[in-house]
Amino acid sequence: MPSRPRAVRIVGTSAVRGARRVTAEAMDAAYGRVEGTTLARSGVSERWWVDETQTSSGLAAEAVGTALAEAGWELTDLDALLVAAAVPEQPIPTTAILTLGHLGYPGGPLEAYDVNATCLSFLHGMDIATTKIAAGGWRRVAVVAVDLASKGLNHDDIESSALFGDGAAAVLLEADAGGQSAVLATRFETYPGGARLCEIPAGGTRSNVFIPPEDPADYAFRMDGMGVVRLAARHLPRFIDAVLGDAGLTRGELDVVVPHQTSGLGMRFLKAKLGFDPERVVDIIDNHGNQVAASLPSALHAAITSGRLTRGGSALVIGTGAGLVIGGMVVRY
């Protein structure tokens, strides 16, 4: 169902990556691959992984703190903190609670919780936050996405091993009384036939340390990248037409397209097959990798800080998540 426009303004953004630079060449050497294999399979020449001192909540706190400082806000100015992540730091309590601990929040009325919709966690967090701001329930909100993909990779599987990076990115939101800035449209669609295309089978209530899986590799991420692309390709053209129709815009009227940085193959498909001017597509896959939930806000931050998206400009923020889920949001910045 199409959503109504929401007069909400993006006040500030930030993005951080893991402390450890890992090149495609280094991965070839480390995992016994023929030189050039990692780059060819992923489209990622370098990614940044956390070191032994970094955690999801710590990286999220760094992103939120940077965004607050640049906006001139205090933590106590927020009504809510939403942490968007495919994988939490620990099952209980939420990564949002742990993040507030890093930020030194003493306790009080600030709401804090996690949103988990795999790679679309950030977009769902934005949907929740902008809906509640527009309804008058919240005034100022931080949505921060964070994922440490390096913690769950099976390096015997080149496809997934070569692709992912670690990072966190935050967006600060508030109501826009002037109406210049707005979320013009939001849509989500779900196709559970793709549930096995991207998964971590073990580590939850079905299989865990007490009920071990037959294959220990079930604790690591696995994917069928071509399967994801094929399934997404069947639905994305119509989906994009629908969300742009809801917003009253055409492809040519968009200033930028901010996609989830799926893979080199996924980015090539987006540019070649979906009717967008390739120059308007924000592509940071080469030196970020796929940062899971942090991918979309990192690309949005790049669009804004590079000057490609300026006040009054329009952006389509779009992606897919495990499941398969498709999501899109049209923003007038």
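**View 1. Cys198 and Cys119, two buried cysteines without a bond.** In this predicted model, Cys198 is buried, with 18% relative accessible area. Cys119 is buried too, at 13%. Could the sulfurs be linked, or are they too far apart for a bond? The sulfur of Cys198 has its closest cysteine sulfur in Cys119, and at 7.0 Å that is too far for a bond, because a disulfide needs the two sulfur atoms within 2.5 Å. Searching the whole structure gives the matching result: 0 disulfides.

**View 2. His260, tucked into a loop.** Look for His260 in the loop between S11 and H8. Is His260 buried or exposed? With a relative accessibility of 4%, His260 counts as buried. Once neighbours within four places in sequence are set aside, the contacts of His260 include Cys119, Met267, Asn290 and Val292. Ile318, Gly319 and Thr320 are also among the residues that His260 touches.

**View 3. Thr118 and Val292, two non-glycine residues with positive phi.** As a rule of thumb, most residues other than glycine have a negative phi. Thr118 goes the other way, with a positive phi of about 45°. Thr118 sits in the loop between strand S5 (111-115) and helix H5 (121-134), and at 23% relative accessibility it counts as partly exposed. Val292 also has a positive phi, of about 55°. Val292 belongs to the loop between helix H9 (285-288) and helix H10 (295-305); with a relative accessible area of 12%, Val292 is buried.

**View 4. A pair of cis peptide bonds.** Most peptide bonds are trans. Here, though, the bond from Ile92 to Pro93 is cis, with omega near -5°. Pro93 is in the loop between strand S4 (80-84) and helix H4 (95-103). Another cis bond runs from Gly323 to Leu324, with omega near 5°, and Leu324 lies in the loop between S12 and S13.

**View 5. An open sheet of 4 strands.** The strands line up in the order S8-S13-S12-S11, with mixed pairing. Why do S8 and S11 each have a side without a neighbour in the sheet? Strand S8 (182-190) and strand S11 (256-259) stand at the edges and have a single partner strand each, so one side of each is left free of a sheet neighbour. From one strand to the next, the twist averages 15°. S8 and strand S13 (residues 325-332) pair in the antiparallel sense over 8 bridges, and Ala182 stands opposite Arg332 in S13.

**View 6. The bend in helix H7.** Follow helix H7 (residues 225-247) and you meet a bend of about 40° at Leu236, with a proline, Pro237, following within four residues. Just after H7 comes Gly248, which takes a positive phi of about 75°. Leaving out neighbours within four places in sequence, Leu236 is in contact with Phe269, Leu274, Ile318 and Ile326.

**View 7. The largest nonpolar core.** In soluble globular proteins, nonpolar side chains tend to be buried together. The largest such core in this model has 41 residues, and those with the most contacts inside it are Phe164, Leu236, Ile240, Phe276 and Leu316. Elements giving two or more residues to this core are S8, H7, helix H8 (264-273), strand S12 (314-321) and S13. Which element gives the most? That is H7, with 9 residues. Apart from this core lies another, of 36 residues, with Leu123, Leu173, Ala299 and Leu309 among them.

Technical notes. Residues are numbered from 1 along each chain as its sequence is written. This is a predicted model: local features need pLDDT of at least 70, side-chain atom pairs count only at pLDDT 80 or more; totals for chains, interfaces and linings use all residues. Side-chain values use heavy atoms; hydrogens and water are left out. Two strands pair if DSSP finds at least two bridges between them. Axes are lines fitted to C-alpha atoms, for helices over the stretch in contact, and angles run from 0 to 180 degrees between N-to-C directions. The bend at a residue is the angle between axes fitted to the seven residues ending there and the seven starting there. A nonpolar core is a set of buried Ala, Val, Leu, Ile, Met, Phe, Trp, Tyr and Cys residues joined through side-chain atoms within 4.5 Å. Buried means under 20% relative accessible area, exposed over 50%, partly exposed in between (1.4 Å probe, protein chains only). Contact means heavy atoms within 4.5 Å.
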